[in-house]
Amino acid sequence: MTQVSTPAEAATRITGRAVAEQRGLSGAVTEVVLDSGDTVVVKRGHARNATPAEAAGLRWLSDADAVRVPEVRGHDEEWLVTELVGGGRPTHHAAERLGRGLAALHAAGAPAFGAAPPEGPADAWIGLAPMANAPGEDWPRWYAEHRVLPYVRRAVDEGTLDADEAAVIEQACKRLPEMTGPAEPPARLHGDLWNGNVLWGAVEAALIDPAAHGGHRETDLAMLQLFGCPLLDRVLAAYQEVAPLAEGWTDRIGAHQLFPLLVHTVLFGRSYAGQAVAAARAVGR
């Protein structure tokens, strides 16, 4: 990774504009006003491939012309510069527009389950956890092999899951083919669609910080439900109007939440392990 010491230096080098002022938003994210008057967000990647993966994901989501994502203004191996998308209070209009937009985004498709965005790295990230983009054709098998079991193994190795808990999740993986509903083509996923990555506005919501890849569309929707989302009923109703979900989709929510719950288990510890095991026990009931 290149070594640029400050967000202002990165912004100037990537955009070609001087910095008039800056304001830290978090440890890795800075809001920068350029001398042109334009305001951008400068984000420093935490590890190898993090920035290229996010930039490729944002562009791939944008190409679908379905949901609003920040425009990529430029990046290198370490720094990403995007437009600033404002936050605000959620409205019924924005929630319904988000639901319809997610349906269109998913319908834009992907070459395979596990497909990385064009020009995006196969070894990518979801938050601070590594995420391998390995393509597959059979969703239950691919999901178990590349989105569930790698995090189970890491959690066991680190002592966050015990052997009995891991066995419950492994058994759930074996049951996935029986309860995942009718086969669907790979959807174009945001991939880390929890409420914190939805920036609301009165007219529309913008999605940030993707872990974009080809997957099952119900995974994005299950993740949106996992940690609470304002006006979720409006989002889902609008989604269903455009692209109805297969019968029994509510029974599959726990299976699709296994992935983000296990990611949280390896990142944040035992507080999420119990939720992951509970979701696994619900699979196939």
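Me: Which residue forms a salt bridge with Arg 73?

Reply: Quick heads-up: this is a predicted model, where local features need pLDDT of at least 70, side-chain atom pairs count only at pLDDT 80 or more, and totals for chains, interfaces and linings use all residues. Residues are numbered from 1 along each chain as its sequence is written, and side-chain values use heavy atoms, with hydrogens and water left out. A salt bridge is a side-chain nitrogen of Lys or Arg within 4 Å of a carboxyl oxygen of Asp or Glu. The closest N and O atoms of this pair are 2.4 Å apart, and the partner of Arg 73 is Asp 38.

Me: How many residues apart in sequence are Arg 73 and Asp 38?

Reply: Helices (H or I, at least four residues) and strands (E, at least two) are DSSP runs, numbered from the N terminus. Arg 73 lies in strand β4 (residues 72-75), while Asp 38 is in the loop between β2 (29-34) and β3 (39-44). The pair therefore ties together parts of the chain whose separation in sequence is 35 residues.

Me: Why does Arg 73 count as partly exposed?

Reply: Buried means under 20% relative accessible area, exposed means over 50%, and partly exposed is in between (1.4 Å probe, protein chains only). Asp 38 is partly exposed, at 28% relative accessibility. Arg 73 is partly exposed too, because its relative accessible area is 31%.

Me: Which residue is linked with Asp 38 and Arg 73 in a network of salt bridges?

Reply: Side chains of opposite charge can pair when their charged atoms come close. Here Asp 38 and Arg 73 belong to a network of salt bridges, and the other member is Glu 71.

Me: Which residue forms a salt bridge with Glu 78?

Reply: In this pair the closest N and O atoms are 2.4 Å apart, and Glu 78 is bridged to Arg 44. Glu 78 sits in the loop between β4 and β5 (79-83), 34 residues away from its partner in strand β3, so distant parts of the chain are linked. Glu 78 is buried at 2% relative accessibility. A relative accessible area of 32% makes the partner partly exposed, and that partner is Arg 44.

Me: How far apart, N to O, are Glu 158 and Arg 154 in their salt bridge?

Reply: Glu 158 is partly exposed at 47% relative accessibility, and Arg 154 is partly exposed at 28%. Their side chains meet in a salt bridge at a distance of 3.0 Å.

Me: How many salt bridges does the structure have?

Reply: We've met a few, including Arg 73 with Asp 38 and Glu 78 with Arg 44. Applying the rule, the count comes to 15.

Me: What is the nearest side chain of opposite charge to Arg 147?

Reply: Arg 147 is in helix α4 (residues 139-157). Lys and Arg count as positive and Asp and Glu as negative, while His and the chain ends are not counted. Arg 147 is buried yet has no salt bridge, and the nearest opposite charge, 9.3 Å away, is on Asp 123.

Me: Which residue shares a polar contact with the side chain of Arg 147?

Reply: A polar contact is a pair of N or O atoms within 3.5 Å; within protein, one must be able to donate a hydrogen and the other to accept it, and residues adjacent in sequence count only if both atoms are side-chain atoms. Arg 147 touches several residues (contact means heavy atoms within 4.5 Å), among them Met 131, Trp 142 and Phe 259, not counting residues up to four places away in sequence. Its side chain has a polar contact of 2.9 Å with the side chain of Asn 133.

Me: How many aromatic pairs are there, and are Trp 139 and Tyr 143 stacked or tilted?

Reply: Rings of Phe, Tyr and Trp (its six-membered ring) pair if their centres lie within 6.5 Å; planes under 30 degrees apart count as stacked, over 60 as edge-to-face and the rest as tilted. The count is 6 aromatic pairs. Trp 139 and Tyr 143 have ring centres 4.5 Å apart and planes at 20°, so this pair is stacked.

Me: How many disulfides does the structure hold?

Reply: A disulfide is a covalent bond between the sulfur atoms of two cysteines; the cut-off here is a pair of cysteine sulfur atoms within 2.5 Å. Cys 173 is buried at 10% relative accessibility, and Cys 229 is buried at 13%. The number of disulfides in the structure is 0.
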